[in-house]
Each structure stands twice: as C-alpha cells, then as structure tokens.
Amino acid sequence: MAFPQDWKTWETEVSKLVARAWLDRDFCDSFVADPAGTLQEAGLVLEDFVEVQINQNPDAVPTLKAGEGGTVVYELPLPPKPSTLTDEEISDWAEGRVNVAPPTILVCC
C-alpha cells in the first residue's frame, strides 16, 4: 500500500509499537535503528519511496513531508514513556488485551 486509507487503524497499530518500545529497551533500539523494518514486521508496510524517521522529542507529532528525489518522509513520534501509565496498562494495550488505549498513548501517536 502507498499510504494507508484508514489512518485511525494505522495510528492505533503504531501506538502499540510505541507502547512496546516503552517496555522493551531492545525493541526500542531496533525501532529507532530501523523504523521502516519494524513497521513492516508488524504488518504495516509502506512503499519504497517512503522514508520513516523516528522523532523522540516529547512534543513530536506524526508528520509527512517531501524528501529528496521524490521520496516522502514519515516522521513518527516516539516520546518518553508517560509517568501517568503503569507498565501493566501499557502492556495491556501493546498486546491487545484491551480495546481502548489509555488517552496518553493515542495522543502521542
């Protein structure tokens, strides 16, 4: 797919990856090092012309911008883990044990 038609579903799945990154340092390091590969492994595949970058700024929001040579840069936020959520709440969301994310997770992704 070029870009997902259903951004709500896409962002929900990305928020689960962010939640997993908050709980698993190795996964976080892998996500930062190869965000496109991590998305692909999770079944979230973008076309080759899309470059994925991670922004770890606490105030980051998802953005799309023109890159070099006709590419598109998808800047994906990976903010710090919020202190208002427990590891259990985060884990429940990341692993699909709850259908509604804590507000802090969906706001950031």
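**Entry 1: a term, and the model**

Before listing any neighbours, I note that a contact here means heavy atoms within 4.5 Å. I also note that this is a predicted model.

With that term in hand I looked up T38, which is found in helix 3, residues 35-41. Leaving aside its neighbours within four places in sequence, T38 is in contact with F27, S30 and F31. T38 has a relative accessible area of 5% and is therefore buried, the limit being under 20%.

**Entry 2: the overall layout**

I then stepped back to the whole protein and found 5 helices and 3 strands, which follow one another along the sequence in the pattern α-α-α-β-β-β-α-α. Of the 109 residues in the protein, 39% are buried. The protein exposes about 6400 Å², and carbon and sulfur atoms supply 49% of that area. When I looked at contacts with a separation of 6 or more, I found that residues 24 or more positions apart account for 50% of them.

**Entry 3: the strands**

Which strands are joined to strand 3 by bridges, and in what direction do they run? I found that strand 1, residues 50-55, is joined to strand 3 by 6 bridges, and that these two run parallel. Strand 2, residues 63-66, is joined to strand 3 by 4 bridges, and here the two run antiparallel.

I followed V72 of strand 3 to both of its partners: V50 stands opposite V72, and V72 is also the bridge partner of A66. The hairpin of strand 2 and strand 3 has 5 residues between the strands, and in it G69 takes a positive phi near 65 degrees.

Next I asked why strand 3 is largely enclosed by the rest of the structure. Strand 3 covers residues 72-77, and 6 of its 6 residues are buried, so the surrounding structure largely encloses it. Sorting these residues by face, I found V72, Y74 and L76 on one side and V73, E75 and P77 on the other, with both faces covered.

**Entry 4: the nonpolar core**

I looked up the largest nonpolar core, which has 23 residues, and noted that V14, F31, L39, Y74, L76 and L78 are those with the most contacts inside it. At least two residues of this core come from each of helix 1 (7-23), helix 2 (25-33), strand 1, strand 3 and helix 4. Helix 1 gives the largest share, 7 residues.

To see one of these core residues in its surroundings, I listed what L39 touches, leaving aside its neighbours within four places in sequence: W10, V14, L17, L44, V52, Y74 and L76.

I also checked V18, which is found in helix 1. V18 is buried, with a relative accessible area of 0%, and its C-alpha atom is separated by 8.1 Å from that of C28, a residue 10 positions away along the chain.

**Entry 5: aromatic rings**

How many aromatic pairs does the structure hold? I found 2 of them. In one, the ring centres of W10 and Y74 are 6.4 Å apart and their planes stand at 55 degrees, so this pair is tilted. This pair links distant parts of the chain, since W10 lies in helix 1 and Y74 in strand 3, 64 residues apart. Both W10 and Y74 are buried.

The other pair is formed by F27 and F31, and it too is tilted, with 5.9 Å from centre to centre and 35 degrees between the planes. F27 and F31 are 4 residues apart in helix 2, which means that about one helical turn separates them. F27 is buried with a relative accessible area of 11%, while F31 is buried with a value of 0%.

**Entry 6: charges over rings, and helix 4**

Having reached F27, I asked which charged end sits over its ring. I found that of R20, 3.9 Å from the ring centre. The charged end of K16 sits over the ring of W93, 5.0 Å from its centre.

W93 took me to helix 4, residues 87-94, where I90, S91, D92 and W93 are buried. Just after helix 4, G96 takes a positive phi of about 75 degrees.

Key
Residues numbered from 1 in each chain as written. Predicted model: local features only at pLDDT ≥ 70, side-chain atom pairs only at ≥ 80, totals over all residues. Heavy atoms only, no water. Buried < 20%, exposed > 50% of the residue type's maximum accessible area, 1.4 Å probe, protein only. Areas by Shrake-Rupley, 256 points an atom, 1.4 Å probe, with all protein chains shown as cover. Pairing = 2+ DSSP bridges. Core = buried A, V, L, I, M, F, W, Y, C linked by side-chain atoms within 4.5 Å. Phe/Tyr/Trp six-rings, centres within 6.5 Å; stacked < 30°, edge-to-face > 60°. Lys NZ or Arg CZ within 6 Å of the ring centre and 35° of its normal.
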